[in-house]
Amino acid sequence: MCGIIGYVGKKNSVPYIIDGLKKLEYRGYDSAGISILQDGHLITVRAVGKVAELEKATLLANPQGQSGIGHTRWATHGKPCEENSHPHRDCSGDLVVVHNGIIENFLTLREKLSALGHKFKSETDTEVIAHLIEENLKTAPGQTNQERLFNAVRKTNGEISGAYAYGVLWAQTPDFLIGVKNQSPMVVGLGKNENFLASDVPAFLKHTNKVLFLEDGEMVTLTSKGVTLFGKDGQEKPFKPTKITWDQKTAEKGGYEHFMLKEIYDQPQAIEDTLRTAQTDFGKLVGLKMGDLRALQNVHIVACGTAYHAGLVAKYYIENFAGIPVTVDLASEYKYRTVPRTPHTLAVAVSQSGETADTIGAVRKAQELGFKTLAICNVLGSTITRVCDGTFYTHCGPEISVASTKAFTSQLTSLYVLALFLGKANGNISATVFNKLYKELLTLSKYMAETVKIEYDVRHITKKVYKAPHFLFLGRNVNFPIALEGALKLKEVSYRSAEGFAAGEIKHGPISIIEKGTPTIVLMPPDELFEKMLSACQECRARGAFVIAVTTQEGAQKAKDCIDKAIVVPYAGEFLQPILNVVALQFFAYWTAKRLGCDIDQPRNLAKSVTVE
Ligand code: M6R
């Protein structure tokens, strides 16, 4: 849950590293650090807080050097403070390590190394890596320092356990970096006379779009002249870089004040790009056999947070279009509950990042049970895509804001496609119905482009309610998970208390929390449940709620005597409507947070990818 960047090249590495760290702040931002190799010595600067603090400290220290590494941290072992920030040093101070993940056996190793005389300066698990490499260097074979370091790192990998990716820089090996990957992300950017090591592509995308995605157990060495990949067996391995088509501009804010706002506006394009890749040969596209898809009797969806809410909506899609029973589990729960070993079962893992530890764990469990696994994922080459049997990529581009928006609507779009293909494969829907529904789906990005125009109205409405201490979100049927998502989004970015409920449930308890002025956002598309939603509005309003309906023009007209305000969205049909309705709630969360002066893109206590359990 941290960001790593390393640079070797012909230029001063400092600006590359600071800039790369800024691009990686979404991975953690409680402290940051940098180590630069200058005239044979390592200069390390570290600071608590965001990368901007490190930048100030680095300007003062003014290190200069052509090789360096940096790190932005989200604490797992040891509180956020300067001593616990990376890079971590060995006893000599000549060798530094930046690390993402957890070293599970660090206490045992720390004791062992302390007994050998190593002095620890932090509470972190990471520091043991630096000392262990230092220890292993004493006996490491090799003709050159580069070979000795390589062998010492390899030996270290055999001694540590857990999920980790780390980078090493040693003063004795100028123009030389080592990267290691095991169950945490690590990528290499291949430039001209310069190469990069990072946790994610945006860290160096400004400089190169040629990327090598490391696999678990692999190691890589970088010099300014080239990159060498080593397999699990320590032998050199040929590789073909992937060309990333996202440009740097796409990965940046594009003129919006916050990534979250930009990403809400990205949604029409994201849906279009996601649909562009879905072909008629769906099985081939996702890498699963058509026969397996046709025979499915059960679908298990596993995910966390917003992706879990996408899974909840998908249950309605798959059961409706394919007639296959679906269970939806929080990945962290699936891992630890008894899951019956049912036949012909597909586990679908939904994850924007593809690095969420709980979701990866749930996938592994599904595989142990003999289920086929399919990832719905946004990040090319991420862990989940490599672990699953097949992947259906959402193509929404990098999502930088911690609060997920465009990834959610792209996930819903992909899950809708999945449901249609499963229904066609098993004959639950005819080819004619499939074609009709698919044609409707292709109009979704047009509806989305209309929907994002509601920002001004939502912004205006939040002015009335943003100071409220507590918010309610109500939906029914396929819009119930959207109510949950609206509440999560608001909590996440505005730190307000918010809850989502199935509208039919409020009279069974939740209505008691309503008091004068409680903002109650009600999702009420003009479908067969409209009248029931109208009753829910009346019940809440009678108890003092300030009712805001998310509905169509016609719905707003019909509901006018039972609501206080309406957010009017276009209507795309019963099952596509949740994908439009959620946009109202995304803007609602954004503008409430903005009025409250919150740190919208990096809310307190959160990180973009939760790569630890
Ligand atoms: O990368 P993933 O989709 O696996 O992440 C899952 C959740 O951590 C994520 O959706 C989280 O809930 C978001 N910050 C919500 O906006």
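## Residue S410 and helix α14

Leaving aside residues up to four places away in sequence, S410 touches A270, T274, T394 and C396. The model described here is predicted. S410 belongs to helix α14, which spans residues 406-425. With a relative accessible area of 0%, S410 is buried.

The side chain of S410 also makes a polar contact: the backbone oxygen of K406 is reached at 2.8 Å. An α-helix has 3.6 residues a turn, so residues three or four places apart point the same way.

## The antiparallel sheet

Eight strands make up an open sheet with antiparallel pairing, in the order β3-β2-β4-β1-β10-β9-β11-β15. Its edges are formed by β3 (41-48) and β15 (242-243), each of which pairs on one side only. Between β2 and β3 there are 8 bridges, in the antiparallel sense. One position in this pairing is I34, whose bridge partner in β3 is V45. Helix α2 packs on the sheet and touches β2, β3 and β4. The direction of α2 makes about 140° with that of β3.

## Helix α1

Helix α1 covers residues 14-23, and 8 of its 10 residues are buried, so the helix is largely enclosed by the rest of the structure. The buried positions in α1 are V14, Y16, I17, I18, D19, G20, L21 and K23.

What do the buried residues of α1 pack against? Their partners include three strands that also appear in the order of the antiparallel sheet: β1 (3-8), β2 (31-38) and β4 (67-73). Strand β10 (195-198) and helix α2 (51-61) are packed against as well.

## The parallel sheet

A separate order, β22-β21-β23-β24-β25, describes an open sheet of 5 strands with parallel pairing. Here the edge strands are β22 (497-502) and β25 (565-568), and each pairs on one side only. Neighbouring strands of this sheet are turned by 20° against each other on average, direction ignored.

Strand β21, residues 470-475, pairs with β22 in the parallel sense over 6 bridges. Within β21 and β22, L472 stands opposite E499. Helix α18 (residues 480-494) packs on this sheet, where it touches β21, β22 and β23 (519-523). The angle between the direction of α18 and that of β22 is about 175°.

## Residue V569

V569 is located in the loop between β25 and α21 (577-595). Is V569 buried or exposed? Its relative accessible area is 4%, and because buried means under 20%, V569 counts as buried.

Residues up to four places away in sequence not counted, V569 touches T451, I454, V550, T551, T552, Q577 and N581. One of these contacts, T552, is 17 residues from V569 in sequence. The C-alpha atoms of V569 and T552 are 5.2 Å apart in space.

## The ligand site

How many residues surround the ligand? There are 13, and the closest are S351, Q352, S353, T356 and E492. E492 falls within the residue range of helix α18, 480-494.

Polar side-chain atoms of several residues approach oxygen atoms of the ligand. For T356, a polar side-chain atom lies 2.4 Å from a ligand oxygen. An N or O atom in the side chain of S353 is 2.6 Å from an oxygen atom of the ligand. The corresponding distance for the side chain of K489 is 2.9 Å. On its own the ligand has 410 Å² of accessible area, and the protein covers 90% of this.

Key
Residues are numbered from 1 along each chain as its sequence is written. This is a predicted model: local features need pLDDT of at least 70, side-chain atom pairs count only at pLDDT 80 or more; totals for chains, interfaces and linings use all residues. Side-chain values use heavy atoms; hydrogens and water are left out. Two strands pair if DSSP finds at least two bridges between them. Helices (H or I, at least four residues) and strands (E, at least two) are DSSP runs, numbered from the N terminus. Axes are lines fitted to C-alpha atoms, for helices over the stretch in contact, and angles run from 0 to 180 degrees between N-to-C directions. Contact means heavy atoms within 4.5 Å. Buried means under 20% relative accessible area, exposed over 50%, partly exposed in between (1.4 Å probe, protein chains only). A residue is near a molecule or strand if one of its heavy atoms lies within 4 Å of it. A polar contact is a pair of N or O atoms within 3.5 Å; within protein, one must be able to donate a hydrogen and the other to accept it, and residues adjacent in sequence count only if both atoms are side-chain atoms. Accessible areas come from the Shrake-Rupley method with a 1.4 Å probe; for residues, only the protein chains shown count as cover.
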